[in-house]
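Please open the structure in your viewer and keep the selection tool at hand, since this tour moves from the whole chain to a few chosen places.

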Amino acid sequence: MNIHEYQAKELFDQFNVPSPQGRVAETAEQAQKIAEELTGQVVIKAQIHAGGRGKGNFKNGFEGGVHLSESAEKIGAIAKQMIGQVLVTHQTGDSGKVVNKVMVAQAVDISKEYYLAILMDRESRAPVIVASTEGGVNIEEVAGKTPEKIIRETIHPLAGLQPYEIRKISSNLGFAGNTAKQFGKLLKALYKLFISCDCSLVEINPLVTTPDGQVLALDAKFGFDDNALYRQPEIEALRDPSEEDPREVAASEFGLNYIGLEGNIACLVNGAGLAMATMDIIKHFGGEPANFLDVGGGATEEQVTNAFKIILGDPNVKGILVNIFGGIMDCDVIANGIVGACKQVDLNIPLVVRLEGNNVEAGKQTLANSGVNLIAADDLSDAAEKAVQAISA
């Protein structure tokens, strides 16, 4: 789950991570009022779940999703051009995203920009702090061109962030004196936020120092562990469904793991590994998977029916491949779900089904007696090949 920049700032304030003053606005009038309450130069930022906002353009012709001004009236006028309009950036694709809110914040003078992030590292199975003196640019570029400028520090998950680790990172970034002390407090607070909120990623780019010696988090990106949201109701409440694929939102409501892709053969599979293998073998036979969809090891008929409805909500889908290996899963339950779904949605595209494992014979018998027009497959290769051939016929 991701959140907006203004929500990230609210979390920073809650955990005492220093950042510029600012608030969110939903109307041009609110934006102007906030700007009037701030002093000096003010920055206004379009709030969407995508990077590259500053270089993006609105479909109404307005240029840029980030602007600076010392005039509260101008901030209000800019907000009017942004709110309710579609912003296109290199991350949104040509369709862009609708800007429903803007953040208005105090602009700061910058002496130096840095990069700082904490993320969960799968290899070490521990939090890792990543930092660099090269902030304000894509960290991928730094890693590709000057990897020696990237600092990595693995944190023991039980011991937590230690003072010597803070001093080590601070020294490697070139901080000293009061600036080092401020950075240490910021990093300690950020780590507490990361652990307390079950984050998978907290990225500050840029982290900045100012001429008067402040260390501030200017821009932030958060990612949260979806599997831990059940114990983070306040974090889950920050979710903005309008920023997400509606199919993925619907899937999460039914306990399904769904990610939309750009192909035309939909996949319904139990198990993440098997789902990945199914997509790979569709590609092998010249097809393009339309989604990743893992119904899990204990799916019900209701979940299977809703999975079909979500799949068919994609207008690009020309065929469906169901690939089930029953361990905990009962193949007959899946078969009944398939039959019920097909009858509810009036399926009129090719359906290829491969069942194997627990109670498979009963499942195959249920499908055979259902009257549903489907193509049976013997194994995974056979299923993928038949699915590709069916949509090409």
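With the whole chain in view, consider how it is held together along the sequence: among contacts with a separation of 6 or more, 68% join residues that lie 24 or more positions apart. This is a predicted model, and its C-alpha trace spans about 75 × 50 × 40 Å along the principal axes. Of the 393 residues, 49% count as buried, and colouring by secondary structure should bring out 13 helices and 19 strands.

Next, select residues 28-37, which form helix H2, together with residues 72-82, which form helix H3, and look at how their axes come within 8 Å and cross at roughly 150°. Because angles over 145 degrees count as roughly antiparallel, H2 and H3 are described as roughly antiparallel to each other. The crossing of H2 past H3 is right-handed. To see the contact itself, show the side chains of Ala28, Ala31, Gln32, Ala35 and Glu36 on H2, and of Ala72, Glu73, Ile75, Gly76, Ala79 and Lys80 on H3. These contact residues divide into 6 nonpolar, 2 polar and 3 charged.

Now move to the open sheet of 3 strands, whose order is S3-S5-S6 and whose pairing is antiparallel. Select 57-58 for strand S3 and 97-98 for strand S6: these stand at the edges with a single partner strand each, so one side of each is left without a neighbour in the sheet. Then add residues 86-88, strand S5, which pairs with S6 in the antiparallel sense over 2 bridges. Which residue of S6 is the bridge partner of Val86? Selecting Val98 shows that partner.

Methods. Residues numbered from 1 in each chain as written. Predicted model: local features only at pLDDT ≥ 70, side-chain atom pairs only at ≥ 80, totals over all residues. Heavy atoms only, no water. Pairing = 2+ DSSP bridges. Helix = DSSP H or I, 4+ residues; strand = E, 2+ residues; numbered from the N terminus. Axes fitted to C-alpha atoms, helices over the stretch in contact; angles between N-to-C directions. Parallel < 35°, antiparallel > 145°, perpendicular 65-115°, else oblique. Left-handed = near helix turned anticlockwise from the far one by under 90°. Contact = heavy atoms within 4.5 Å. Nonpolar A, V, L, I, M, F, W, Y, C, P; charged D, E, K, R; others polar. Buried < 20%, exposed > 50% of the residue type's maximum accessible area, 1.4 Å probe, protein only.
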